[in-house]
Amino acid sequence: MGSPAMNFIEAKVVKSGADILLMFGSHSIKVPEQKAAKLIEGNYIEREVILGIRPEDIHDEQLFIESSPESVIDADIKIYEMLGAEVYLYFAIDQYDITARVNSRTTARPGDIVQLAFDLSKIHIFDKETEKVITN
């Protein structure tokens, strides 16, 4: 559903001190407290899940990146697609092709390695085996 479609990434749930992290490739993001509680309740620590994030919930604005350091990833931009008031940035995280929908004022271009941040309040987490929603 949606255009472009939601991005899906296989991730491992890890407990680090008081934090719950989703780890994928060389990246990790801190799960917000309310969503983390669902992972703990469902016994997902040290298990694989599917992280879902919509393209419009991946941001390249510096203010958003600075206010969300627990969700910042480095992205090697492969394709830049201008669609009027918005731009689709295509990049890969490990073997997963990812799309971000950002403002047309972005300075990111193909070949650039840029910082992007996930809006953690908007992430979806699915059970890898059943594909049922754990939290959204």
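How many bridges pair strand 1 with strand 4, and in which sense? Six, and the sense is antiparallel. Strand 1 covers residues 7-16, and strand 4 covers residues 48-53. One facing pair to find on screen: alanine 11 stands opposite valine 49 in strand 4.

Before I go on, a caution. This is a predicted model.

Now the sheet around that pair. Strands 1 and 4 belong to an open sheet of six strands. Read across, the order is 3-2-1-4-11-12. The pairing is antiparallel. Which strands stand at the edges? Strand 3, residues 27-30, and strand 12, residues 133-135. Each has a single partner strand, so one side of each is left without a neighbour in the sheet. As for twist, the average is 40° from one strand to the next.

Next, the other open sheet on my list. Three strands make up this one, in the order 7-8-9. Here too the pairing is antiparallel. Strand 7, at 79-83, and strand 9, at 96-103, stand at the edges. Why is one side of each left without a neighbour in the sheet? Because each of the two has a single partner strand. Neighbouring strands in this sheet are turned by 25° against each other on average, with direction ignored.

Look inside the three-stranded sheet. Strand 7 pairs with strand 8, residues 86-93. Five bridges join them, in the antiparallel sense. For a landmark, take tyrosine 80: leucine 89 in strand 8 stands opposite.

On to strand 6, residues 72-76. Which residues lie on the covered face, and which on the uncovered one? Ile73 and Ala75 are on the covered face. Val72, Asp74 and Asp76 are on the uncovered face. Strand 6 also has a partner: five bridges join it to strand 10, residues 113-118. The two run antiparallel. Within that pair, aspartate 76 stands opposite isoleucine 113 of strand 10. So that aspartate, on the uncovered face of strand 6, gives you a handle on both strands.

Last stop, a loop. Between strand 9 and strand 10 you will find arginine 105. Buried or exposed? Exposed, because its relative accessible area is 70%, and the cut-off for exposed is over 50%. For a sense of distance, pick glycine 17. Glycine 17 and arginine 105 are 88 residues apart along the chain. Their C-alpha atoms are separated by 39 Å.

That is the tour. Questions, please.

Note on methods. Residues are numbered from 1 along each chain as its sequence is written. This is a predicted model: local features need pLDDT of at least 70, side-chain atom pairs count only at pLDDT 80 or more; totals for chains, interfaces and linings use all residues. Side-chain values use heavy atoms; hydrogens and water are left out. Buried means under 20% relative accessible area, exposed over 50%, partly exposed in between (1.4 Å probe, protein chains only). Helices (H or I, at least four residues) and strands (E, at least two) are DSSP runs, numbered from the N terminus. Two strands pair if DSSP finds at least two bridges between them. Axes are lines fitted to C-alpha atoms, for helices over the stretch in contact, and angles run from 0 to 180 degrees between N-to-C directions.
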